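Thanks for coming, everyone. I'd like to walk you through a structure that's new to most of us, so let's put it up on the screen.

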Amino acid sequence: QVQLVESGGGLVQPGGSLRLSCTASGSVFVIYAMGWYRQAPGKQRELVARIDRGGNTRYADSVKGRFAISLDNAKKTVYLQMNSLKPEDTAAYYCDGQISAVEGRGSHDYWGQGTQVTVSS
């Protein structure tokens, strides 16, 4: 009923910038929160940034001051602006959404398929 479509990943040099986008489509009634997670080879998936419908945000310590998450409710799209990228930011990035698809029913967690971000010279 709900699909998350990601875009914006790619190869970038250290110090460069990328902007990831994730759009929710299908039966989207209310978006309670959306976030970005990442997973590097040999590591567990970790929270990068999260934003709720009130605009409250949370960031991993490693990206504070460099990344910014935002939510466009009209477009049902969450963005992750990534600046001053470092090689250690290299990972597969996954979009997550806490979404109610039907009025009167509870929310559920939905995931995108992931987009690769590689920071290398």
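Before anything else, a word on strands and helices: these are DSSP runs, numbered from the N terminus, with a helix (H or I) needing at least four residues and a strand (E) at least two. Also, keep in mind that this is a predicted model, where local features need pLDDT of at least 70, side-chain atom pairs count only at pLDDT 80 or more, and totals for chains, interfaces and linings use all residues. Residues are numbered from 1 along each chain as its sequence is written, and side-chain values use heavy atoms, with hydrogens and water left out.

Okay, the big picture. How many helices and strands are there? Zero helices and eleven strands, so reading along the sequence you just get β-β-β-β-β-β-β-β-β-β-β. The radius of gyration is 14 Å, close to the 14 Å from the globule rule for 121 residues, so the protein is as compact as a globular protein of that length. That radius is taken over C-alpha atoms, and the rule is 2.2 Å times the number of residues to the power 0.38. The C-alpha atoms fill a box of roughly 50 × 25 × 25 Å along the principal axes.

Next up, burial. When I say buried I mean under 20% relative accessible area, exposed is over 50%, and partly exposed is in between, with a 1.4 Å probe and protein chains only. By that yardstick, 42% of the 121 residues are buried. And for contacts, meaning heavy atoms within 4.5 Å, residues 24 or more positions apart account for 56% of those with a separation of 6 or more.

Now, my favourite bit: which cysteines are joined by a disulfide? They're Cys22 and Cys95, with S to S at 2.1 Å. A disulfide here is a pair of cysteine sulfur atoms within 2.5 Å, and by this rule the count comes to one. The pair links distant parts of the chain, with Cys22 in strand 3 (residues 18–26) and Cys95 in strand 9 (residues 91–100), 73 residues apart. The link is left-handed, at -85° about the S-S bond. Are these two buried or exposed? Cys22 is buried at 0% relative accessible area, and Cys95 is buried at 0% too.

Staying in strand 9, that's where we also find Ser100. At 2% relative accessibility, Ser100 counts as buried. Leaving out residues up to four places away in sequence, Ser100 touches a set of residues including Phe29, Val30, Tyr32 and Arg105.

Let's follow that to Val30, which belongs to strand 4 (residues 30–39). Val30 comes in at 18% relative accessibility, so it counts as buried. With the same kind of sequence neighbours left out, up to four places away, Val30 touches Arg53, Gln98, Ile99 and Ser100. Its C-alpha atom is separated by 13 Å from that of Gln1, 29 residues away along the chain.

Last stop, two backbone oddities. Lys76 isn't a glycine, yet its phi is positive, near 55°. Lys76 sits in the loop between strand 7 (67–72) and strand 8 (77–82), and it counts as partly exposed at 29% relative accessibility. Then there's Ser84, also not a glycine, with a positive phi of about 50°. Where is Ser84? In the loop between strand 8 and strand 9, and at 40% relative accessibility Ser84 counts as partly exposed.
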